[in-house]
Each structure stands twice: as structure tokens, then as C-alpha cells.
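Work through the two exercises below. Try each task before reading its solution.

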Amino acid sequence: MADQDAQSPVGSEPPALPALRWDEPPEGPVLVLLDQTRLPAEEVELVCTDVPALVRAIRTLAVRGAPLLGIAGGYGVALAAARGYDVAEAAGLLEGARPTAVNLGYGVRRVATAYWAAAGKGAGPEEAAAVALAEARALHREDAQASRRMAEHGVALLEELLPGRGYQLLTHCNTGALVSGGEGTAFAVALRVHRQGRLRRLWVDETRPLLQGARLTAYEAARSGMAYSLLTDSAAGSLFAAGEVDAVLIGADRIAADGSVANKVGSYPLAVLAKYHHVPFIVVAPTTTVDMDTAEGTSIIVEQRSGQEVTELTPSRAVSAGGGGGMVVAPLGAPVYNPAFDITPPELITAIVTEEGVISPVTGVGLAELCARSSQVTIS
């Protein structure tokens with residue numbers, strides 16, 4: 001187990017992580033991504049000049065995380081429009097890049113709808129492309145604002161559940177600035193607790209098989225001067241048994257209408273452990289992650305990824321959609337079960353925190369009422 005006890009001085013914050021940005025060099029507009037497959041070894045930018053390049057970046061996890069995928073999808077449509085490509089074809093390619101992440105489809109449809117509405121009113125290609133870009137930028141700003149509000153609501157919930165104390169928080173996968181237009185979802189709550197001087201320890205699951213916790217969350221925690229410890233996914237049970245976890249904070253890739261949550265595989269076992277040990281299990285996600293058209297968790301499509309991600313240990317720079325290129329750790333041809341996500345039912349979830357407020361207990365009725373207040377709910 002690796003420990004990091006550094007604490008950043010109050011008011012001393014590292015520069016924001018540029019996870020994604022739009023740029024317009026002389027040769028034409030591009031979408032620039034921080035290549036997350038290269039972290040934490042090196043910070044390298046990946047330049048996407050067209051939608052197929054962006055689709056590859058999404059599938060290889062160079063850009064990832066539900067909110068950021070929505071933003072990337074929106075900018076992808078704007079990129080296609082600005083470069084004169086077929087927007088409908090581009091939208092179809094982007095929506096199919098990762099089926100579980102509902103934000104991706106939301107961002108694509110929202111910007112494409114704005115583009116087609118402008119074109120339908122007689123706007124020329126350049127004017128319609130400008131409308132698409134403005135919509136993508138609006139989505140980006142809104143996500144940053146949502147991140148701030150989720151952090152506020154999350155900290156208030158922790159104080160309500162566990163008043164007047166510092167916290168040891170367990171998190172899974174990566175939910176920080178690398179997945180968001182702002183400071184993230186679940187990680188943003190922990191970061192705000194840290195800034196208040198109330199974070200005793202952030203427990204970081206390594207998150208097998210691609211180690212998003214070890215590579216990315218630990219990287220963000222270290223940059224922010226947070227006290228954190230990295231652990232193997234299978235060690236979490238011993239933490240609960242020792243009474244070292246005050247609350248679990250995770251994000252979500254899709255939330256069904258009944259309150260079931262799809263998140264990085266390994267989330268469901270944490271929910272079971274938390275329930276047994278009477279520890280709050282909190283999901284933090286923007287309302288763009290809610291899919292009211294998916295009635296229940298069993299209807300969520302769970303992406304199956306390459307078995308090579310499990311049978312090989314790949315260096316961060318070699319993470320890819322197909323795996324390969326790493327040290328072999330299993331017999332040749334070993335059958336592999338490698339779902340990208342698992343589904344946590346609402347009865348195991350203490351609360352869902354969104355930018356619009358908190359749902360607790362988690363029910364379909366409560367979720368519908370909250371979403372009725374939001375203009376951000378995913379639509380078909």
C-alpha cells in the first residue's frame with residue numbers, strides 16, 4: 001500500500017488539468033486532449049483533426065469519464081461541422097463509440113440538434129458550424145458549474161450523515177478533473193473536504209484491469225496535496241472490517257430510471273461491503289448521466305472489453321482498445337470475463353448527489369422528481 005501524507009497549504013492549488021480544449025491553428029480547428037493513457041508517466045496532448053480520430057481516442061480511453069465524454073462528443077460534432085464533414089455520419093460514429101456512457105450520446109445529440117436547427121433556419125455551413133461550437137462550449141461551461149454544485153451538495157450530505165468530524169473516504173476508478181469540465185464528480189467532493197481541512201485519508205482503489213485509480217486518481221490526489229493511500233481492489237474489505245472507511249464516493253456512467261447505477265466494474269462489491277458495514281455509499285453524478293429511457297439496471301448495456309486487458313499487464317502508454325504489448329500474466333488463450341462496468345441497485349445506494357440536489361432514499365419517483373427540475377436530463 002502506498003501512502004501520501006502531503007497536505008497543500010490553504011489557497012495553494014495546482015494549475016487546472018487541461019483534459020480537453022478546442023484550438024484553431026492556421027491549418028484548421030482541432031480538439032486537443034490530454035492523453036490519459038500516458039498518465040501518470042507523462043503529460044502528452046493528443047490532437048484530433050477529425051471525428052474518426054476522436055472516436056479512436058474515446059475507444060482507447062485517451063479521453064474518458066462520463067461528463068467529459070459528453071463534452072468531447074459535443075465538440076466532435078462541432079469539429080465535423082467546422083471541417084465540412086457529414087454531421088449525421090459523425091454523430092452516428094460518436095454515439096456508438098462507448099455504449100454505456102450515456103453522456104456521450106447526450107452531448108452529441110444536443111450539439112447536432114443545435115446545428116440542424118440553425119441549418120433549418122437558413123444558416124449557411126459556416127454559421128451553422130459556429131452555432132454548433134457555441135453549443136459545445138455551453139455544455140462545457142455547464143458541466144464545470146455542475147461540478148461545483150455537486151461538490152457543495154456532497155459536502156453538505158457528508159456533514160448531515162457524519163456531523164462534526166473528519167473523513168476517511170474510499171473512491172473507485174477516476175472521477176476528478178480528468179472526467180469533467182470542472183473538478184469532477186465524486187473526487188470534487190473529496191477535494192472540497194480536503195480544502196476544508198477535514199480529509200483524514202482518501203483511499204484510492206487501484207481499479208483493475210486498467211488501473212484508473214492508480215494511474216489517474218492517485219495522480220490527481222498527489223497534484224492536489226491530498227492525504228491518500230492506494231490499495232488493491234481486493235483489499236477494500238479489510239478496510240471496512242477495520243472501521244477505516246467513513247463513506248464511499250463513486251461516480252456513474254449511466255443511471256437508470258429506477259436509480260440503478262452503472263459504474264466502473266468493482267463498484268457493486270463496494271456497495272455490498274458498505275451495506276454490510278453500515279457505511280454510506282454515495283454516487284455523485286450530473287443529471288446528464290440519468291437516462292430516463294432505460295427503465296432499470298438490467299436494461300443497461302454493459303461494454304465488454306478485450307481479454308488482453310486482463311491477461312497482460314500493459315504500461316500506461318500502451319493502453320488500447322485491443323490491449324496487447326504488455327507482460328503476459330495468464331496462460332495463452334485463457335478465457336476472460338472483462339466487463340467495463342457493473343450495476344449497483346438502488347437499495348444499496350445511500351444517496352445520489354447531482355447538481356440539482358440529493359436523492360435519498362434512492363427511488364425511481366425521487367429520481368423523476370429531481371430530473372423534472374433539470375433541463376439536462378438525457379433525451380433520445
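Two exercises on this predicted model follow, one on a helix pair and one on a strand.

**Exercise 1. Helix against helix**

Task: Work out how helix α2 and helix α5 are oriented to each other, and which residues make the contact.

Solution:
- Step 1. Locate the helices. Helix α2 covers residues 66-82, and helix α5 covers residues 125-161.
- Step 2. Take the axes. They come within 8 Å and cross at roughly 165 degrees.
- Step 3. Apply the cut-off. Angles over 145 degrees count as roughly antiparallel. Therefore α2 and α5 are roughly antiparallel to each other.
- Step 4. Add the handedness. α2 passes α5 in a left-handed crossing.
- Step 5. List the contact. α2 contributes Pro67, Gly70, Ile71, Gly74, Tyr75, Ala78, Ala81 and Ala82. From α5 come Ala129, Ala132, Leu133, Ala136, Arg137, Leu139, His140 and Asp143.
- Step 6. Sort by class. The contact of α2 with α5 has 11 nonpolar, three polar and two charged residues.

**Exercise 2. A strand and its partners**

Task: Find which strands pair with β11, and decide whether its faces are covered or open.

Solution:
- Step 1. Locate the strand. β11 spans residues 281-284.
- Step 2. Take one partner. Strand β8 (residues 247-250) runs parallel to β11, joined by three bridges. Here Leu249 stands opposite Ile282 of β11.
- Step 3. Take another partner. Strand β16 (residues 351-354) also pairs with β11 in the parallel sense, over three bridges. Val283 stands opposite Ile352 in β16.
- Step 4. Check the faces. Phe281 and Val283 lie on one side, Ile282 and Val284 on the other. All of these are buried, under 20% relative accessible area. Both faces of β11 are covered.

Notes
Residues are numbered from 1 along each chain as its sequence is written. This is a predicted model: local features need pLDDT of at least 70, side-chain atom pairs count only at pLDDT 80 or more; totals for chains, interfaces and linings use all residues. Side-chain values use heavy atoms; hydrogens and water are left out. Axes are lines fitted to C-alpha atoms, for helices over the stretch in contact, and angles run from 0 to 180 degrees between N-to-C directions. Helices (H or I, at least four residues) and strands (E, at least two) are DSSP runs, numbered from the N terminus. Angles under 35 degrees count as roughly parallel, over 145 as roughly antiparallel, 65 to 115 as roughly perpendicular and the rest as oblique. A crossing is left-handed if the near helix is turned anticlockwise from the far one by less than a right angle, and right-handed if clockwise. Contact means heavy atoms within 4.5 Å. Ala, Val, Leu, Ile, Met, Phe, Trp, Tyr, Cys and Pro count as nonpolar, Asp, Glu, Lys and Arg as charged, and the others, Gly among them, as polar. Buried means under 20% relative accessible area, exposed over 50%, partly exposed in between (1.4 Å probe, protein chains only). Two strands pair if DSSP finds at least two bridges between them.
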